Amino acid sequence: MTYKRDQAYRATTMAPNGMITTPHYLASQAGMNVLQNGGNAVEAAVAAASTIAVVYPHMNSIGGDNFWLIYNAKTKEVKALNSSGRSGENAMISLYEERGLGTIPARGYLSANTVPGAVAGWDQAYRYSSEALSSTFSWKELLQSSILYAKEGFGVTPSQEYWTKVNLNEKDRDFRNLQRFPEFSRTFLKEDGSLYKKGDRMKQLDLARTLEIIAEQGSKAFYEGEIASQIVADLQANGGLLTLNDFKHHRSSWVDPLSVDYRGYTAYNLPPNTQGMASLSILNILNNFDISSIEEGSSEYYHLLIEATKLAFADRDHWLTDPDFSHIPLEDLLSKSHGMELANQINKQFSKAMEKKLDPKGDTVWFGVVDKEGNAVSFIQSIYHDFGSGIIPKNTGVLLQNRGSFFSLDRNHVNCLEPNKRTFHTLNPAMLLKEDAPHLVYGTMGGEGQPQTQAALVTRIIDYKFDVQAAIEAPRWLYGRTWGAGSNNVKIESRVSKEAIASLEKGGHDVEVVDEFTDIMGHAGAILINNNNVKLGGSDPRGDGSALGY
């Protein structure tokens, strides 16, 4: 397939009132139902978030974390909510050392060492909605879609079938072979141990009961009630670390969002412990180049964005951790002068070597919502790796994240494991404002790929004036590595011209050509609000989602 500039295979969805885009069509539908019946953007986001936690279980769960950017159209204020969980009170490096471990296991009970923040995030956002945005839906009503699909079932997507199959690899007992965990098999495999295939109907009855309790009793039931008790009992019976105290003391945090100027727009993102600083740093570096004079899709375009990414990641990896444990000089790192200094380090002809192995991709869902009043949400929710820790405490249906496996057991590392600490988080939802109103609500899943894909969306939409859907579909790249690889390389979709690929290789890039539309690149989405107040939404064909409007 030959790539043609600004060509889209799907139509951009356009609507005058509300818009939602998510990586699963049932979640989009749940959110759209709320919007069409008078709900606001935050209420639609809660409905979509709870639904996608059921119908896209390999990518996210109520046992994971989430982050929010919320734009209040009345106050013209951008609010940021960090609902990532902290490590347990007993999560200490010495505990892992005593068990002969040099790193935190990627899967299993010892990888589930942080409290899930997702449900608390829904709750905090809903409370804000009720106080500031005139909510019309009850908490219970917003969870009904998720309960319905957990109880009555949903059609398994090709993505879920694929990632389930990947995770049954018996030869890889570190990262895969998840059928070794009995509740994983009971939940995600059929009674005979076979895969759920595309189009099969899958039910999660334990999860339905858990969601019903949360709907009736509120998020407190998850952190202090019977759900917390069941989760902790199962963890502790199997050598896990989390305690009832850890759950009871979880708090989501309203934080000040970060922002940088990008060609007259204001780009917003989340502060540490997220890598939002890296996403904004890339834009801060690119501000020093006249990108529109560079041919989109050329080797020069890809080279520039890859090199900017490397420099932003070097800062990120030096500084990023829980800011409660270490000072991070954000004002300096995101200053115009520092952006210029980094830009001057880019060699336009040759690739810069980067010694640190970048983390393999994480699995996540991003979605965006804009309502009739102009309120907007950029939202991201994750369990870190596909299927997270692989651990589902008995009778709960709650698939726990393995985000805490990203902590380092090196006491001198900036992101070293300590009790009650938030780890370096790849999640970072984004928003671009023009004259104090949202112009672009955007984001993606995909670990290290998130800042890179965000830069692709912004440059293609702002600098090259791409249609929203075309910007999402355009060929993407990912600088990083995959499981087991010894070094970083540049994965690039095969629709990129052979001439551009050859030129990148000549400039020192280790290029790996991958499928023309691969979900290695993440599932991106975006909503643009134009000068006529029409919402233009796009959804990634690499995923299973849709953009819906009315």
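The exercises below treat a helix pair and a sheet in a predicted model.

Residues are numbered from 1 along each chain as its sequence is written, and side-chain values use heavy atoms, with hydrogens and water left out. Because the model is predicted, local features need pLDDT of at least 70 and side-chain atom pairs count only at pLDDT 80 or more, while totals for chains, interfaces and linings use all residues.

**Exercise 1.** Determine how the axes of helices α14 and α19 cross, and which residues meet.

Solution.
- Step 1. Locate the helices: α14 covers residues 299-319 and α19 covers residues 498-506. Helices are DSSP runs (H or I, at least four residues), and strands are runs of E (at least two), numbered from the N terminus.
- Step 2. Take the axes, which are lines fitted to C-alpha atoms, for helices over the stretch in contact, with angles from 0 to 180 degrees between N-to-C directions. The two axes come within 8 Å and cross at roughly 45°.
- Step 3. Classify the angle: under 35 degrees is roughly parallel, over 145 roughly antiparallel, 65 to 115 roughly perpendicular and the rest oblique. α14 and α19 are therefore oblique to each other.
- Step 4. List the contact (heavy atoms within 4.5 Å). From α14 come S299, Y302 and H303, which meet A500, S503 and L504 of α19.

**Exercise 2.** Give the strand order of the open sheet of 7 strands and find its edges.

Solution.
- Step 1. Strands pair if DSSP finds at least two bridges between them. The order is β1-β18-β17-β13-β12-β9-β8, with antiparallel pairing.
- Step 2. β1 (13-15) and β8 (258-262) each have a single partner strand, so one side of each is left without a neighbour in the sheet.
- Step 3. Ignoring direction, neighbouring strands are turned by 20° against each other on average.

**Exercise 3.** Describe the pairing of strand β18 with β1 and β17, and state whether the residues of β18 are buried or exposed.

Solution.
- Step 1. β18 (residues 535-539) pairs with β1 in the antiparallel sense over 3 bridges. T13 stands opposite G537, and M14 opposite L536.
- Step 2. β17 (residues 524-529) pairs with β18 in the antiparallel sense over 5 bridges. Here L528 stands opposite L536.
- Step 3. The hairpin of β17 and β18 has 5 residues between the strands, and N533 in this hairpin takes a positive phi near 60°.
- Step 4. In a regular strand the side chains alternate between the two faces of the sheet. In β18, K535, G537 and S539 point one way and L536 and G538 the other way.
- Step 5. Buried means under 20% relative accessible area, exposed over 50%, partly exposed in between (1.4 Å probe, protein chains only). Of the 5 residues of β18, 5 are buried, so β18 is largely enclosed by the rest of the structure.
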